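Could you walk me through this protein in my viewer, one selection at a time? I would like to know what to click on next and what I will find there.

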Amino acid sequence: MSSIVVECRNKTSDNVIQNGDWTTSLNENILVQAGDQIIVKDSFIDTQQSSSSKILLEDDTTVYMDVGYYIINDDQSHFTVFAGVDPVPASTRNLKPLVLCLNVTGLDADDGLVSTFTLETIDKTSKSIPSNIKFTWTNDVPALPQEVTVFIPELTSTDKYSVREVIGNIVKRAGGVTGINLTESNLKISSITYQSVTNKTLQLPFIQSIGIDLEKGNYDPDELMELMNRKINANNLVSADYQTDSGRILQTAKQIKDRFDPQTFSISDPTTPTILFQIKAMENTSDPSIPDIYLGSSICEFSYSQETKDFEINRLHTPYYDGGNITIQYINIGGKYTSVNKIGGNFINSLYAKNSKGEPVDFWSLQLGFGQDILTDFTFVDNTDLTDVLVPSSNDLIDGVGITGQSSTLDGVVSKQTPLLVTPVSSSSIPADLTIGLKGTDDNPTNQQDKFGYYLVEVGSQFKNEFLTPENNFRSIQQIVNRYYELNSYTSAENGQIIYEHTGEDMLLQSFKCRILTSDKQVPTNIGDDNTLHIEIVKGSKQK
């Protein structure tokens with residue numbers, strides 16, 4: 001008997017979906033006859049990342065945070081007056097976040113505000129292919145977005161995937177939204193709905209994109225967080241002029257307005273600005289008597305917990321300071337003391353990343369475990385004080401949900417005789433060092449190595465085996481790899497094969513669809529690209 005060995009290597013394949021999911025095509029077809037056996041001779045899985053509990057960046061990567069700005073409504077002087085109309089929002093301190101907005105006018109029945117946008121699979125017998133999909137649309141406001149590229153994960157036949165990056169955009173209804181290369185990924189737009197904006201003035205949250213450049217490498221989680229903190233907080237402050245660098249998490253009110261593109265939004269006349277903000281300082285860039293204010297976060301802090309294996313955004317706000325100490329303020333409103341834990345801060349609108357070629361890559365969720373649950377979504381509702389004005393509303397602007405804030409133990413100022421009655425304090429503030437942050441999940445590379453005990457090697461071709469579980473039957477599983485055999489950053493195996501013996505008519509092998517799976521039948525997110533399978537075709541005796 002003779003045999004043929006085929007090398008299927010992830011790193012050299014020209015058809016890679018992600019690390020651990022690739023197709024190897026043959027230069028010459030292999031004839032398989034009755035009596036021939038096919039087995040996975042051995043496998044080598046690149047587990048360097050999981051072995052070392054590190055974050056692997058295979059290419060130079062720029063990671064982006066799209067953030068908005070808000071201040072806490074605790075000072076009536078920050079309200080803006082719209083052309084002599086009553087102050088908007090209401091001129092009472094409610095301690096809620098006021099979101100910095102752009103004012104969009106001239107909308108008609110042809111325009112729509114995308115309310116829902118979902119995808120589903122075309123072929124209900126198979127899953128979709130994880131892909132970067134570019135969505136495009138048109139509108140009459142050149143400064144507003146007209147395209148976005150989004151990584152769409154694998155969808156099952158029953159999944160409905162909401163593309164939040166498209167929601168909240170102004171779109172010409174006639175053209176709608178187009179997804180480039182949707183069909184190639186077995187995807188289609190299942191639903192799109194619009195909110196009417198005809199003859200409405202629309203206030204859209206002002207969004208700033210902030211990029212962090214990271215060189216390729218294998219990072220210790222703490223070192224990566226320290227590097228990201230250092231880069232995102234790089235901001236030159238000139239106190240005399242209240243100047244900050246453009247495109248940062250901390251800006252001044254006048255600078256944001258002055259730096260916005262004057263070719264698309266006129267800011268020459270501060271009395272009738274095209275950009276309309278909810279904060280008074282924004283409306284008076286040419287009046288030196290109006291004080292400027294800071295907007296955003298004095299510091300952004302990423303961290304990693306060695307105990308829980310979670311990544312976290314601890315700070316994305318500007319706390320109160322009293323004598324150089326971070327504090328919690330207590331404000332007397334209507335005879336009751338209410339705690340206020342910050343001046344304002346940033347909310348996160350979108351998280352994404354691009355490699356050195358400008359192609360989208362999954363960094364925030366794949367590497368750090370930050371999902372869409374920390375992003376802020378808005379609905380648009382009628383303003384109760386102004387006719388035909390739509391303003392943003394969100395349930396996500398809550399500490400620990402969509403924004404961060406200081407955390408304080410209030411026991412020292414609570415009366416023990418009358419519970420829940422706040423006792424007036426001699427100082428207007430008390431120190432507070434803890435924060436309420438935004439947590440990622442443990443679904444990140446530093447924690448996944450502890451979640452399962454073996455890998456499955458799946459090879460899709462014309463030959464099929466039977467791998468049965470209580471939930472499903474799998475016909476392409478060819479090998480079970482025990483993680484016990486992990487050595488020198490690779491997990492290798494020469495056993496655990498499921499042998500296939502061919503019967504019936506001859507068949508030609510042309511390609512092998514290879515996937516490395518966890519015990520949950522998912523491609524792991526924490527393996528590298530140097531995965532190799534050797535598939536052996538053992539020829540039986542020639543048939544007469």
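Is Asn181 buried, partly exposed or exposed? Select Asn181 to find out: with a relative accessibility of 43%, it counts as partly exposed, because that class covers the range between 20% and 50%. Keep in mind throughout the tour that you are looking at a predicted model.

**Stop 1: Asn181 and its loop**

While Asn181 is selected, look at the backbone. Its phi is near 65°, which is a positive value in a residue other than glycine. Asn181 sits in the loop that runs between E14 and strand E15 (187–196).

**Stop 2: the sheet with E14**

Now step back from the loop and colour E11, E10 and E14. These three strands make an open sheet, in the order E11-E10-E14, with antiparallel pairing. Strand E11 (147–152) and strand E14 (178–180) are the edge strands; each has a single partner strand, so one side of each has no neighbour in the sheet. On average, neighbouring strands here are turned by 30° against each other, direction ignored.

As background, strands of a sheet pair through backbone hydrogen bonds, and the pairing can be parallel or antiparallel. To see this in the model, zoom in on E10 and E11, which pair in the antiparallel sense over six bridges. Pick Ser131 as an example: its bridge partner in E11 is Ile152.

**Stop 3: aromatic pairs**

Next, show the side chains of Phe, Tyr and Trp. How many aromatic pairs does the structure hold? There are eight. Begin with Tyr64 and Tyr352: the ring centres are 4.9 Å apart and the planes meet at 15°, so this pair is stacked. Tyr64 belongs to strand E6 (residues 61–72) and Tyr352 to strand E26 (residues 344–355), so the pair ties together parts that are 288 residues apart in sequence. Both rings belong to partly exposed residues: Tyr64 has a relative accessibility of 22%, and Tyr352 has a relative accessible area of 26%.

Then move to Phe117 and Phe135. Their ring centres lie 5.5 Å apart with the planes at 90°, so this pair is edge-to-face. Phe117 is in strand E9 (residues 111–121) and Phe135 is in strand E10 (residues 131–136), and the pair links parts of the chain 18 residues apart. Phe117 counts as buried at 0% relative accessibility, and Phe135 counts as buried at 0% as well.

Before leaving the rings, select Phe302, Phe363, Trp364 and Phe370, which form one aromatic cluster.

**Stop 4: Thr376**

From the cluster, go on to Thr376. You will find Thr376 in the loop between helix H4 (364–368) and strand E28 (379–382). What is the burial state of Thr376? Thr376 counts as buried, at 1% relative accessibility. Show what surrounds it: setting aside neighbours within four places in sequence, Thr376 is in contact with Arg164, Phe347, Ile348, Asn349, Ser394, Asp396, Leu397 and Gly402.

**Stop 5: the loop between E41 and E42**

Now find the loop between strand E41 (507–517) and strand E42 (532–538), where Asp530 lies. Asp530 is buried, with a relative accessible area of 16%. Which side chain is joined to that of Asp530 by a polar contact of 3.1 Å? Select Arg9 to see the partner. Add Asn19 to the view as well: its C-alpha atom is 8.2 Å from that of Asp530, although the two residues are 511 residues apart along the chain.

Lys521 is found in the loop between E41 and E42 too. Lys521 has a positive phi of about 65° although it is not a glycine. At 18% relative accessibility, Lys521 counts as buried.

**Last stop: the whole protein**

Finally, clear the selections and show the complete model. The protein has five helices and 42 strands. Of its 544 residues, 49% are buried. Among contacts between residues at least 6 apart in sequence, 74% join residues at least 24 apart. If you switch on the surface, its accessible area comes to about 25,900 Å², and 48% of that belongs to carbon and sulfur atoms.

Methods:
Residues are numbered from 1 along each chain as its sequence is written. This is a predicted model: local features need pLDDT of at least 70, side-chain atom pairs count only at pLDDT 80 or more; totals for chains, interfaces and linings use all residues. Side-chain values use heavy atoms; hydrogens and water are left out. Helices (H or I, at least four residues) and strands (E, at least two) are DSSP runs, numbered from the N terminus. Buried means under 20% relative accessible area, exposed over 50%, partly exposed in between (1.4 Å probe, protein chains only). Contact means heavy atoms within 4.5 Å. Rings of Phe, Tyr and Trp (its six-membered ring) pair if their centres lie within 6.5 Å; planes under 30 degrees apart count as stacked, over 60 as edge-to-face and the rest as tilted. Two strands pair if DSSP finds at least two bridges between them. Axes are lines fitted to C-alpha atoms, for helices over the stretch in contact, and angles run from 0 to 180 degrees between N-to-C directions. A polar contact is a pair of N or O atoms within 3.5 Å; within protein, one must be able to donate a hydrogen and the other to accept it, and residues adjacent in sequence count only if both atoms are side-chain atoms. Accessible areas come from the Shrake-Rupley method with a 1.4 Å probe; for residues, only the protein chains shown count as cover.
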